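Here are a few short exercises to work through with the model open in front of you. Try each task before reading its solution.

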Amino acid sequence: MNWESIHNAKKSTLIGVGAKVEDLIDSAENASKEAKGAKDALRKHAEALLSVVAGADKAVESTSEDGIPDLETLAIVKRWMGKMILSTQNSSRNFQNLQMQATGEAAGHRATHDLILKLIRQEDERKKSIDESIEKGDVTVNEFGELEASPDAKKRPSGVRPGRLKEQRQ
């Protein structure tokens with residue numbers, strides 16, 4: 001395998017991994033949006049339940065002595081309505097936690113994606129450097145398609161083997 005096909009294989013692999021990471025970013029962002037929607041809906045529902053309880057309190061206060069419902073029953077109903085409100089608020093907090101988790105996950109995937117883009121740029125720069133070194137004569141391609149630094153090379157590009165053992169000693 002020659003050096004150009006190795007470069008193409010590396011770049012192709014990085015691009016493939018980058019595409020998978022983009023899918024992960026999209027998935028995490030969608031999960032964050034879904035959790036935010038559920039959280040917001042549950043918060044609105046909890047507010048609606050609170051208004052129902054407030055309405056029940058007003059109804060009790062406005063009734064005359066004759067029309068007051070059994071206070072013991074009313075206390076039980078209010079206690080259970082309070083539990084419903086608390087349960088709804090807890091569910092909203094759980095969705096808020098899921099939203100934060102998905103947002104963090106998306107940020108992590110974005111960082112990975114940025115790193116992959118950096119590696120692709122580095123690989124392209126490396127290829128350009130090697131091409132320039134070949135043109136200058138600092139690097140040669142041997143019969144196996146491998147890169148070797150020429151004996152009189154001033155600087156050996158990254159990924160290029162030093163010449164023969166004799167040249168390495170020198």
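A helix here is a DSSP run of type H or I with at least four residues, and helices are numbered from the N terminus. Keep in mind that this is a predicted model.

**Exercise 1. Find what follows helix α2, and check the length of the helix.**

Step 1: Start with the overall layout. The protein has three helices and two strands, and along the sequence they come in the order α-α-β-β-α.

Step 2: Locate α2, which covers residues 71-136. Just after α2 comes G137, with a positive phi near 95°.

Step 3: Compare the expected and actual spans. The expected span is 1.5 Å times one less than the number of residues. For the 66 residues of α2 this gives 98 Å, and the C-alpha atoms at its ends lie 97 Å apart, so the two values agree.

**Exercise 2. Decide whether E123 and K10 are buried, partly exposed or exposed.**

Step 1: Place the residues. E123 sits in helix α2, while K10 belongs to helix α1, residues 3-62.

Step 2: Recall the cut-offs: buried is under 20% relative accessible area, exposed is over 50%, and partly exposed lies in between.

Step 3: Apply them. E123 has a relative accessible area of 8%, so E123 is buried. K10 has 40%, so K10 is partly exposed. For context, 22% of the 170 residues of the protein count as buried.

**Exercise 3. Work out which residues E123 and K10 touch, setting aside residues up to four places away in sequence.**

Step 1: Begin with E123, which is in contact with H7 and K10. The side chains of E123 and H7 also form a polar contact, at 3.1 Å.

Step 2: Turn to K10, whose partners are E123 and R126.

Step 3: Look at the separation of the pair. K10 and E123 are 113 residues apart along the chain, yet 7.9 Å separates their C-alpha atoms.

Step 4: Set this beside the whole protein. Among contacts with a separation of 6 or more, 69% join residues 24 or more positions apart.

**Exercise 4. Judge where the prediction is most and least confident.**

Step 1: Take the whole protein. Its mean pLDDT is 82, and 81% of the residues reach 70 or more.

Step 2: Go element by element. Confidence is highest in helix α2, at a mean of 89, and lowest in helix α3, residues 165-169, at 55.

Step 3: Link this to the earlier exercises. E123 lies in α2, the helix with the highest confidence.

Terms used:
Residues numbered from 1 in each chain as written. Predicted model: local features only at pLDDT ≥ 70, side-chain atom pairs only at ≥ 80, totals over all residues. Heavy atoms only, no water. Buried < 20%, exposed > 50% of the residue type's maximum accessible area, 1.4 Å probe, protein only. Contact = heavy atoms within 4.5 Å. pLDDT = per-residue confidence, 0-100. Polar contact = N/O pair within 3.5 Å; in protein donor to acceptor, adjacent residues only side chain to side chain.
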